[in-house]
Amino acid sequence: MEQTDNFLDDFHWLMDVLQNIDVGLVVLDENYTIQLWNSFMQNHSASRPEAILGCNLFDTFPELPEDWFTRKAQSVFMLKNAAFTTWEQRPYLFKFENYRPVTGIAEFMYQNSTIIPLKNTRGEVKHICIIVYDVTEVAVNRLQIKKANEKLRHISRTDGLTGLLNRKTWEYDATKEFKCFERNPFKCSLIMFDIDHFKKINDGYGHPAGDEVIRQTAKTVLEQIREIDIAGRYGGEEFCIIMRNTDSDGASIVAERIRKAIEALDVCYEQHKIKFTISLGIADLTKNEKNLTQFIDNADKALYKAKQSGRNNTVIFQAS
Amino acid sequence: MNAILNLSEDHRDCLQEVTNVAMGQAGDRLARLLDTFVVLSIPHIQVMAPADVAMALQSVDSDQTVSGVCQGFIGGGIAGEAMLLFNDTSFEDLAKLMNYDSKLDSQAEIELLMDTTNILFGACLKGIAEQIDMEFSFGPPMVLGQHQPVSKMFKLDEVKWDHALVTEISYTLENYNVQCDLLLIMTEKSIDLLLKKIDYLLG
């Protein structure tokens, strides 16, 4: 009698541990009928054990993909090995609220889970247990770091004023393009342009006005080019665009479009309405260019010609 | 002198035999689960320094890109890690093998890698554990890298161990273009205990 009492006593506190441990425990039989549903699961799912025990897992939780889960579970039954799922593969098995509904920023509880085989007295595996761990804190931290890194990457690649690529990144991307061309030539051209008499704008209306002019110019460029083109701010008021799969004739159409759009643009700054123009030079990438600098130099020469011939126009580089 | 550096021929043979038997059992279990015949190489056992492991890995695959997964295990004073390297040509076959019918994006590939590792590795280590009368706990598998040269996947110059017991096994699955290499790496601290278990088997 005393032995039975002791056993019941031990059993009782053991059950208490299983009930109150702060991880989810679910026991399933071979038909995926729920046999155990501990407090963690009860509290987070807001369902009493009476409503859950004896029910089929997939009927009760239709959001749990049956094929996916049975494939995992099958290997546990057969190999008598644990199987794992992590929040990175699948954010959760059971959609529960975040444990911190007030200060937490996650929409739901991220979960890692382990599915373990449970042996019966004959050493057979007729039941499996899902252990559900709340890993929301870790997941949220990891996701935030990832986001911060993406933001830092963006900041380090772009020019703060215009959002175009900064010079270093543009040169890096342009060099890659140049190397691809060397290996396997394709149509490619470069537009270099700058704002006419930019110094006068700065002197006449102040530097903040000049900044606004540069910002609007960049915006106009982005509106006129395709996503595949590589546009960057090369210097103060100088811009450069690599036109992919486009020769200088094609590029000149785009160049003219940008030029006319800028000519028609009114930049409003305080009470001023600022009008300005740009001059553009275009060069084709050919086998004659030994490096990126020569390619840029050719476009720059064409730009110089455009300046000399009265500004507000486009000139294509001609090899002499 | 460290036990690990004095691994006798007898010990090595016995370990190789234990692993061999375990692999046989694993092959049988896998064949039943995956419904295909699994060809396993004879396990190759060696005590290695990190630099040797790097060399062994490079000989596995020098210029091809691979995907790698590792999984830790521990129990009764024996601990280690398994690394599984998949050659990169075989993802579609791997999906077929695992009955994986969703679209094969990089997320699905990760899951496939982790599941396959867990199954292959679990099957093998379970066999070893049974023979030396132990039970191990397993950590979740971690993807080391996808479609990378082997040299980029491990930072073996930064690790904090000097020597480890390395078992190398290669798997090929019949009728599928799936080929992978398993490295079972046990820490130096585990060796004494492992050898005691082996002595018991030898005696």
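## Exercises on a predicted two-chain model

Chain A has a radius of gyration of 33 Å, whereas a compact globule of 320 residues would have one near 20 Å. Keep in mind as you work that this is a predicted model.

**Exercise 1. Work out how chain A is laid out in space.**

Solution.
- Start with the outline: along the principal axes, the C-alpha atoms of chain A fill a box of roughly 110 × 50 × 30 Å.
- Next, look for domains. Chain A is divided into domain 1 (2-143) and domain 2 (159-316).
- Now take the distance between them: the C-alpha centres of these two domains of chain A lie 60 Å apart.
- Add the secondary structure, which in chain A comes to eleven helices and twelve strands.
- Finish with packing. Of the 320 residues in chain A, 31% are buried. Among the chain A contacts with a separation of 6 or more, 58% join residues 24 or more positions apart.

**Exercise 2. Describe the side of chain B that touches chain A.**

Solution.
- Count the residues on each side: chain B brings 15 residues to the contact and chain A brings eleven.
- Find the elements involved. On chain B, α1 (9-34) and α4 (106-131) each supply at least two residues of the side that touches chain A.
- Which helix gives the largest share of that side? The answer is α4(B), with eight residues.
- Sort the chain B residues of this side by character: eight are nonpolar, three are polar and four are charged.

**Exercise 3. Examine helix α4(B) itself.**

Solution.
- Check the length: α4(B) has 26 residues and spans 38 Å from its first C-alpha to its last.
- Compare that with expectation. At 1.5 Å a residue one expects 38 Å, and the span of α4(B) is close to this.
- Then look just past the helix, where Asp133(B) takes a positive phi of about 60°.

**Exercise 4. Locate the nonpolar cores.**

Solution.
- Begin with a general expectation: in soluble globular proteins, nonpolar side chains tend to be buried together.
- The largest nonpolar core holds 78 residues, and those touching the most other members are Ala82(B), Leu84(B), Leu120(B), Cys124(B), Leu182(B) and Met186(B).
- Ask which element gives the most to this core. It is α4(B), with ten residues.
- Zoom in on one member, leaving out residues up to four places away in sequence: the contacts of Leu182(B) are Ala82(B), Leu84(B), Leu120(B), Phe121(B), Cys124(B), Ile169(B) and Tyr171(B).
- Lastly, turn to a second, separate core of 42 residues, which includes Leu190(A), Ile201(A), Ala251(A) and Leu280(A).

How values were computed
Residues are numbered from 1 along each chain as its sequence is written. Chains are lettered from A and ligands numbered from 1 in the order in which they are written. This is a predicted model: local features need pLDDT of at least 70, side-chain atom pairs count only at pLDDT 80 or more; totals for chains, interfaces and linings use all residues. Two residues are in contact if their C-beta atoms, placed from the backbone, lie within 7 Å. Helices (H or I, at least four residues) and strands (E, at least two) are DSSP runs, numbered from the N terminus. Ala, Val, Leu, Ile, Met, Phe, Trp, Tyr, Cys and Pro count as nonpolar, Asp, Glu, Lys and Arg as charged, and the others, Gly among them, as polar. Domain bounds come from an automatic or database domain assignment. The radius of gyration is taken over C-alpha atoms; the globule rule is 2.2 Å times the number of residues to the power 0.38. A residue is buried if 20 or more other C-beta atoms lie within 10 Å of its own, exposed if 12 or fewer, and partly exposed in between; C-beta atoms are placed from the backbone. The expected span of a helix is 1.5 Å times one less than its number of residues. A nonpolar core is a set of buried Ala, Val, Leu, Ile, Met, Phe, Trp, Tyr and Cys residues joined through C-beta atoms within 7 Å.
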